[in-house]
Amino acid sequence: AAEAKAKTAGAAAPAAAPVASVSAPGRVNYLQRNKAAALVAGIALAGGAYWNANQNLWTSTRDLSLALPGTSHLGAEGAGGGAEEARRRLAQPVFGKDDRARMVRRWNEAVDGLFGKIVQTLSERGW
């Protein structure tokens, strides 16, 4: 009789239903509020990072355009420091005579180092 009771008790027991978080209509539970707050914070952080990167990009582009020789239609007006400061920056050479001579010398050394053996071999063969 005890075995029969155990069999029927085991067979009659319903399977455990998953526990669902049910709250009253119109109320948001704690977990949903935290998820929503994290979503809003994430969106705000991503927006702030995008804005900061965008500002840095435009600032560095503007500074680079002012440092390079030549004129730009945005160079003087968009500089933030006025047209006079932009003209003064443009009047200063980016590289001096010594810097240019050193760059030419290093360029020639690099080309000789890279292609020197090829030129020597071709010269020996009569090309």
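**Figure 1. Arg102 and its salt bridge in helix α4.** Arg102 is partly exposed in this predicted model, with a relative accessible area of 36%. Its partner is Asp99. The closest N and O atoms of the pair are 2.4 Å apart. Asp99 is partly exposed too, at a relative accessible area of 28%. Both residues belong to helix α4 and sit 3 residues apart, about one turn of the helix. An α-helix has 3.6 residues a turn, so residues three or four places apart point the same way.

**Figure 2. The salt bridge between Arg62 and Asp63.** Here the two side chains meet at 3.6 Å, N to O. Side chains of opposite charge can pair when their charged atoms come close. Arg62 is partly exposed, with a relative accessible area of 28%. Asp63 is also partly exposed, with a value of 33%. The model's count of salt bridges is 2.

**Figure 3. Helix α4, from end to end.** This helix covers residues 97-124. Its 28 residues should span 40 Å at 1.5 Å a residue. The end C-alpha atoms lie 37 Å apart, which agrees. The helix has a kink of about 55 degrees, centred on Phe115. Just after α4 comes Gly126, with a positive phi of about 90 degrees.

**Figure 4. A nonpolar patch on the surface.** Eight side chains are in view: Trp107, Val111, Leu114, Phe115, Ile118, Val119, Leu122 and Trp127. Together they make a nonpolar surface patch of about 920 Å². One of them, Val119, lies in helix α4. Another patch member, Phe115, is the centre of the kink in α4.

**Figure 5. The whole chain, for orientation.** The protein chain has 4 helices and 0 strands. Along the sequence the pattern reads α-α-α-α. Of its 127 residues, 3% count as buried. The chain exposes about 11,400 Å². Carbon and sulfur atoms supply 63% of that area.

**Figure 6. Confidence along the predicted chain.** The average pLDDT is 78. A score of at least 70 is reached by 64% of the residues. Which helix has the lowest mean pLDDT, and which the highest? Helix α1, residues 2-12, is lowest among the elements, with a mean of 54. Helix α2, residues 30-67, is highest, with a mean of 93. Where pLDDT is low, the predicted coordinates should not be read in detail.

How values were computed
Residues are numbered from 1 along each chain as its sequence is written. This is a predicted model: local features need pLDDT of at least 70, side-chain atom pairs count only at pLDDT 80 or more; totals for chains, interfaces and linings use all residues. Side-chain values use heavy atoms; hydrogens and water are left out. Patches are made of residues with over 30% relative accessible area and no salt bridge: like charges are joined within 9 Å, nonpolar side chains (Val, Leu, Ile, Met, Phe, Trp, Tyr) within 5 Å. Accessible areas come from the Shrake-Rupley method with a 1.4 Å probe; for residues, only the protein chains shown count as cover. A salt bridge is a side-chain nitrogen of Lys or Arg within 4 Å of a carboxyl oxygen of Asp or Glu. Helices (H or I, at least four residues) and strands (E, at least two) are DSSP runs, numbered from the N terminus. Buried means under 20% relative accessible area, exposed over 50%, partly exposed in between (1.4 Å probe, protein chains only). The expected span of a helix is 1.5 Å times one less than its number of residues. The bend at a residue is the angle between axes fitted to the seven residues ending there and the seven starting there. pLDDT is the predictor's confidence in each residue, from 0 to 100.
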